[in-house]
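Q: I should like to learn how to read the features of a structure, one at a time. Where may we begin?

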Amino acid sequence: MRRFARHSLTRRLVEAVLTLFGVAVLVFAMLRAIPGDQITATLGTESAALSPDQLASLRDYYGLDKPLPVQFFSWLGDIFTGNLGYSQRAGESVLAMTESALPITIELAILATIVGLVIGVPLAMLSASRPNGARDGVSQVIGLLALSIPNFLIAATLLTLISKYAHYNPNAGEFQHLFANPGVNLQQMMFPALVLGFGLAAPIMRTARTSLLEVSTADFMRTARGKGVAPMRLRVRHLLHNALNPIITMTGIQFGYLLGGAIVVEQIFSVPGIGQQVLVGMQQKDYAVVQSTVLVIATLFVLVNLLTDFLYRVVDPRVRAS
Amino acid sequence: MTTAVTPAETTVAVGAPPATTAAWRRLLRSPAGLIGTVLVALILIGAICAIAGLTPYDPVAQHPRDALQGPSGRYWLGTDQFGRDIFSRTLAGIGNSLRVSVVAVALSGVVGTLAGVCAGYFGNKVRGPVLAVTNVLFAFPPLLLALTLATTLTRNWATIALAIGIVYVPIFVRVTRGPVLSLRETDFIRAARVVGLPTRRILARHILPNISAIVTVQVTLSLSWAVLTEASLSFLGLGSPPPAPSLGSMVFDAKVFASTAWWTLAAPGVAIVIFVVGLNLLGDGLRDALDPRNGRNS
């Protein structure tokens, strides 16, 4: 049985590597589909001022005159040596930009996940404690709204209300890093994390509710109730622990949506994270940044999914055994 | 389904489509289904008005002297910073959003379902490549993939629809493949194979009708995601180019003015929420109504 488990883990790893290779191919192909090439696209109308000779030497400089497979593998090779390219607009290496932006987004994602779990799981427990009752109805309506209101709308409404009634702008002022100035950093991160977390609460709540309802009718629950386990202990140790697996999976899956949502929320709250980096790259047609940053985000997503899989096995020994 | 060789169809667990009228009745009897249907109908009426040009004002016409006016008899939902009528712009935004979402979901539904059916029905030769592509597309956060596609394409509503459509292809592959896999081993499909029906006919007349319920529900839910994605793209400035009204870009513009002119934010915001809540409720209602376990004789 153990051999099988290890075997399936190896398989997952190989699959993840292959997927990442496919991701790299797709990202590369998408950015080659731009009308014209990266030089004319980046310079826009200014490129008309270049002489054919200048254009050719630029193409030669950036290696754009080489065959596509050569370009692809030299890009991939560069990435393995830590060279993610160079931003023409920011005048900085994409690696340096990513090193400062990525931790911010990861912090935001973790905070948002905490918010999502703190809202979603208790709501689900309330909802599942008396299915189809009034509390269930209210929780379900909150869940539906969290699912249906786009994060940018919540963020815009929140910003409007705060600036109107509290005369305070959460994203005014220089961004402070967590370790440099934790107090101000958490203040700045609070609203983005709340907005992202609220959206995350809906899928967590729905999954948790189904899972809790399923476990609550299990035989061991009746036994535990019968032998007089304290209600709180019953709910946490018996019910929640056994219902945890789908919740973990859903939280892991949602991490991808969180990274997508981070693009929107970071833009609105001026958080200099990885979402901001890729969005600014797209708006400024800084394709070196876009190409490498998209790859970084997708890699992160694949890794988190892999991690979710491992976590799953740690929490539930039944998965390891089967 | 008049083919004589399919007597077992009614007992298939995956669910043959129930009689349509019964499903409709079940849908409208559940509160979720009823509210969802009403909301979606409202949105459809608004979109049709906009597409037919039946808006009180031209959605892009500017009336600078009436900039940022509150709701009144003249401008039902007020005006924006250029004095454009917000009611007309909201209707036009709904129309645009509906057009993009419907085309996107039609694309992903057709491509994804075909790929899913083939991956489920045929052996490894088809399954391998289809699942590889699906895995790669699933490795992107949906919004990021849509954004990247939107940046690399020449932007107009059709390419935005294409970008969103590609993002949701893998979901249709995933939801259709499993049921087809189990359908393939059912007696009536085996029987159809044994009597020598051509594969194309088996797929079209026996497999597809049996997964239509799943696809219908998925289409509804995907529409709600497509609406949200389209709005997010245009909010980020990478959707349909201005001045074409879009709900997302209206929210973006309103961000600056909303603390003094709440209607600029409220109108497009409420429209998006009605749209998405309606589609979500309709999807939930359809799932219950089309579920064969809910007794097709009721």
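A: Let us begin with annotation. This is a predicted model. For chain A, an unreviewed UniProt entry lists residues 12-34, 108-129, 141-166, 186-205, 243-269 and 289-312 under "transmembrane region".

Q: What are the helix content and the end-to-end distance of residues 186-205 of chain A?

A: One takes the share of helix and strand over the span, and then the distance between its end C-alpha atoms. Residues 186-205 of chain A are 100% helix and 0% strand, with end C-alpha atoms 25 Å apart. Residues 289-312 of chain A are likewise 100% helix and 0% strand, and there the end C-alpha atoms lie 34 Å apart.

Q: Which residues does the record list as "transmembrane region" in chain B?

A: The unreviewed UniProt entry gives residues 34-54, 100-123, 130-151, 157-175, 207-228 and 260-283 of chain B. In the model, residues 100-123 of chain B are 92% helix and 0% strand, and their end C-alpha atoms are 35 Å apart. Residues 130-151 of chain B are 86% helix and 0% strand, with 26 Å between the end C-alpha atoms. The unreviewed entry in UniProt also lists "domain: ABC transmembrane type-1" for residues 94-283 of chain B. That span is 84% helix and 0% strand, and its end C-alpha atoms are 19 Å apart.

Q: How many helices and strands does chain A have?

A: Chain A has 14 helices and two strands. Its C-alpha trace spans about 85 × 60 × 35 Å along the principal axes. Of the 322 residues in chain A, 36% are buried. One may also ask how far apart in sequence the contacting residues are. Among contacts in chain A between residues at least 6 apart in sequence, 72% join residues at least 24 apart.

Q: Which domains does the domain assignment of chain A give?

A: The assignment gives domain 1 (2-93) and domain 2 (99-321). The centres of these two domains of chain A, taken over C-alpha atoms, are 31 Å apart. To read the boundary, one counts the residues in contact on either side: 18 residues of domain 1 of chain A contact 17 residues of domain 2 of chain A. On the domain 1 side, helix 1 (2-32), helix 2 (38-43) and strand 1 (86-87) of chain A each supply at least two residues. Helix 1 of chain A gives the largest share of that side, nine residues. By class, the side of domain 1 that touches domain 2 divides into 10 nonpolar, six polar and two charged residues.

Q: How many residues of chain B are in contact with chain A?

A: The same way of reading serves for two chains. Here 34 residues of chain B contact 38 residues of chain A. On the chain B side, helix 4 (124-138), helix 5 (142-152), helix 8 (199-235), helix 9 (247-257) and helix 10 (263-290) each supply at least two residues. The largest share, eight residues, comes from helix 5 of chain B. The side of chain B that touches chain A has 23 nonpolar, 10 polar and one charged residues.

Q: How may one examine a single helix, and what covers the buried residues of helix 7 of chain A?

A: An α-helix has 3.6 residues a turn, so residues three or four places apart point the same way. Helix 7 (residues 151-166) of chain A has 16 residues and reaches 21 Å from its first C-alpha to its last, close to the 22 Å expected at 1.5 Å a residue. Its buried residues include Asn151(A), Phe152(A), Leu159(A) and Thr160(A). Their cover includes helix 8 (182-216) and helix 11 (244-268) of chain A, together with helix 8, helix 9 and helix 10 of chain B. Just after helix 7 of chain A, His167(A) takes a positive phi of about 50°.

Q: Which residues touch the most other members of the largest nonpolar core?

A: Of the 160 residues in this core, they are Ala156(A), Ala146(B), Leu147(B), Ile164(B), Tyr168(B) and Val251(B). Helix 8 of chain B provides the largest share of the core, 16 residues. Domain 1 (2-93) and domain 2 (99-321) of chain A both give residues to the core, so it lies between them. Apart from its neighbours within four places in sequence, Tyr168(B) is in contact with Ala104(B), Val105(B), Ser108(B), Ser222(B), Trp225(B) and Ala226(B).

Q: How many other C-beta atoms lie within 10 Å of Trp24(B)?

A: Trp24(B), in helix 1 (residues 20-29) of chain B, has 13 other C-beta atoms within 10 Å and is partly exposed. Trp24(B) and Leu290(B) are 266 residues apart in sequence, but their C-alpha atoms are 9.0 Å apart in space.

Terms used
Residues are numbered from 1 along each chain as its sequence is written. Chains are lettered from A and ligands numbered from 1 in the order in which they are written. This is a predicted model: local features need pLDDT of at least 70, side-chain atom pairs count only at pLDDT 80 or more; totals for chains, interfaces and linings use all residues. Domain bounds come from an automatic or database domain assignment. Two residues are in contact if their C-beta atoms, placed from the backbone, lie within 7 Å. Helices (H or I, at least four residues) and strands (E, at least two) are DSSP runs, numbered from the N terminus. Ala, Val, Leu, Ile, Met, Phe, Trp, Tyr, Cys and Pro count as nonpolar, Asp, Glu, Lys and Arg as charged, and the others, Gly among them, as polar. A residue is buried if 20 or more other C-beta atoms lie within 10 Å of its own, exposed if 12 or fewer, and partly exposed in between; C-beta atoms are placed from the backbone. UniProt positions are given in the numbering used here, feature names are shortened, and annotations may be inferred rather than shown by experiment. The expected span of a helix is 1.5 Å times one less than its number of residues. A nonpolar core is a set of buried Ala, Val, Leu, Ile, Met, Phe, Trp, Tyr and Cys residues joined through C-beta atoms within 7 Å.
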